[in-house]
Amino acid sequence: YTEELSSKESSVHFDEKELQNVHAEVRGLNAYLSKLYYGYGTVLTEIPPADCLGLMSEKDSLLMDTHDGIDEESAKRVC
């Protein structure tokens with residue numbers, strides 16, 4: 001099914017089948033990312049605070065405690 005949407009300034013070609021394909025891809029990516037982040041979180045809960053502190057201290061790390069800085073106590077809360 002293809003439809004043309006128009007306004008005074010522009011027109012947009014709309015392909016229902018392509019939209020369904022894109023939605024299916026997004027659902028697949030979301031399912032994959034959910035599993036990936038669940039696994040990542042599970043692994044982080046199992047590492048000791050000293051190792052977590054090492055990860056937090058890396059330059060491009062996304063692990064951080066925005067309240068107290070980087071020390072072993074904050075590493076216990078992050079991981």
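Modeller: Let's start with helices: they are DSSP runs of H or I with at least four residues, numbered from the N terminus. This is a predicted model, where local features need pLDDT of at least 70, side-chain atom pairs count only at pLDDT 80 or more, and totals for chains, interfaces and linings use all residues. Residues are numbered from 1 along each chain as its sequence is written, and side-chain values use heavy atoms, leaving out hydrogens and water.

Colleague: What span does α1 reach, and what is expected?

Modeller: From first C-alpha to last, α1 reaches 46 Å with its 31 residues. The expected span is 1.5 Å times one less than the number of residues, and for α1 that gives 45 Å, so the two values are close.

Colleague: Why is Leu-33 called partly exposed?

Modeller: Buried means under 20% relative accessible area and exposed over 50%, with partly exposed in between (1.4 Å probe, protein chains only). Leu-33 has 34%, so it counts as partly exposed. You'll find Leu-33 in helix α1, residues 16-46.

Colleague: What makes Cys-52 and Cys-79 a disulfide?

Modeller: The rule asks for a pair of cysteine sulfur atoms within 2.5 Å. The sulfur atoms of Cys-52 and Cys-79 are 1.8 Å apart, so the pair fits the definition. Cys-52 lies in helix α2 (49-57) and Cys-79 in the segment after α3 (72-78), so the pair ties together parts 27 residues apart in sequence.

Colleague: How many disulfides does a search of the whole structure find?

Modeller: Just one. With 75° about the S-S bond, the link of Cys-52 and Cys-79 is right-handed.

Colleague: Are these two cysteines, Cys-52 and Cys-79, buried or exposed?

Modeller: Both Cys-52 and Cys-79 are buried.

Conventions
Helix = DSSP H or I, 4+ residues; strand = E, 2+ residues; numbered from the N terminus.
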